[in-house]
Amino acid sequence: MADQFLFRTGVAIGLVALVTGCVTPSTTPTASAPEPVPPPATGTRITLVNAGFESTVPGARGDPEGWFSFQHAGPLSYKYTSDTSQKKSGERALRIDNIGPEIYGAVAQGVDARPHKGKVAKLSGWVKTIDANDNGVVLTLLATQGGSTVTQNFMLDAPIKGTTEWKRYTITLPVPAAADRVEVGMMLRGKGTVWLDDVELEIVEP
């Protein structure tokens with residue numbers, strides 16, 4: 001999904017007269033320099049709990065602090081670990097391994113959507129994969145109301161597949177008036193291993 005945040009820049013156009021032969025000095029007043037163009041406005045950064053997965057404090061179910069893990073119903077099929085051997089920055093990253101037959105395993109975290117209605121949620125995260133060969137890996141961004149999904153972006157048009165090095169991915173989602181929560185996360189859909197690090201959530205103007 002294309003980023004809907006509009007960056008505005010100004011363009012100054014100069015007119016150059018090309019002449020041949022003798023040139024008569026012009027008496028036309030020199031145009032004043034254009035006003036400096038301000039940099040595009042940035043959005044509001046939303047603080048996520050343990051966005052870099054550096055915390056060693058376990059969550060309520062043993063999940064990484066601030067996050068909750070889940071999978072499609074059935075036998076245990078996904079393993080979630082704090083990995084110190086592979087990370088984009090800091091000391092740790094989240095690792096998810098497929099170890100069973102279920103079709104997806106994911107992690108997520110929710111924030112209050114009510115202050116951001118009518119704006120756009122922008123989720124970024126660094127991802128690395130090994131043999132993510134079924135339906136691949138996707139960042140997940142949902143707007144919910146009372147626990148039910150109102151709208152979502154699972155980057156289904158461009159899932160991450162195969163074996164890849166660390167790369168930053170970004171997706172966006174308009175926050176509808178009906179939403180009370182925005183949930184961010186990542187999903188491994190099938191076989192393989194994936195790492196996630198340095199997650200960022202920003203609220204920008206539409």
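I count a charge as sitting over a ring if NZ of Lys or CZ of Arg is within 6 Å of the ring centre and within 35 degrees of the ring normal. With that in hand I went through this predicted model.

**Lysines over tryptophans**
I looked up K128 and found it over the face of W195, at 5.9 Å from the ring centre. Next I checked W126: the charged end of K88 sits over its ring, 4.2 Å from the centre.

**Fold**
I went looking for helices and got zero, against ten strands. Reading along the sequence, I noted plain β-β-β-β-β-β-β-β-β-β. I then pulled the contacts between residues at least 6 apart in sequence, and 78% of them join residues at least 24 apart.

**Aromatics**
How many aromatic pairs does the structure hold? I got three. I opened up F70 and Y104: their ring centres are 6.5 Å apart and the planes stand at 75 degrees, so I logged this pair as edge-to-face. The pair links distant parts of the chain, with F70 in strand 2 (residues 68–71) and Y104 in the loop between strand 4 (93–98) and strand 5 (105–112), 34 residues apart. I also have F68, F70 and Y104 down as one aromatic cluster.

Are these two rings' residues buried or exposed? F70 comes out partly exposed at 32% relative accessibility, and Y104 is partly exposed too, at 24%. The cut-off for buried is under 20%, so neither gets that label.

**Surface**
Last, the totals: 39% of the 206 residues count as buried. I noted an accessible surface of about 11,800 Å², with 55% of it belonging to carbon and sulfur atoms.

How values were computed:
Residues are numbered from 1 along each chain as its sequence is written. This is a predicted model: local features need pLDDT of at least 70, side-chain atom pairs count only at pLDDT 80 or more; totals for chains, interfaces and linings use all residues. Side-chain values use heavy atoms; hydrogens and water are left out. Helices (H or I, at least four residues) and strands (E, at least two) are DSSP runs, numbered from the N terminus. Buried means under 20% relative accessible area, exposed over 50%, partly exposed in between (1.4 Å probe, protein chains only). Contact means heavy atoms within 4.5 Å. Accessible areas come from the Shrake-Rupley method with a 1.4 Å probe; for residues, only the protein chains shown count as cover. Rings of Phe, Tyr and Trp (its six-membered ring) pair if their centres lie within 6.5 Å; planes under 30 degrees apart count as stacked, over 60 as edge-to-face and the rest as tilted.
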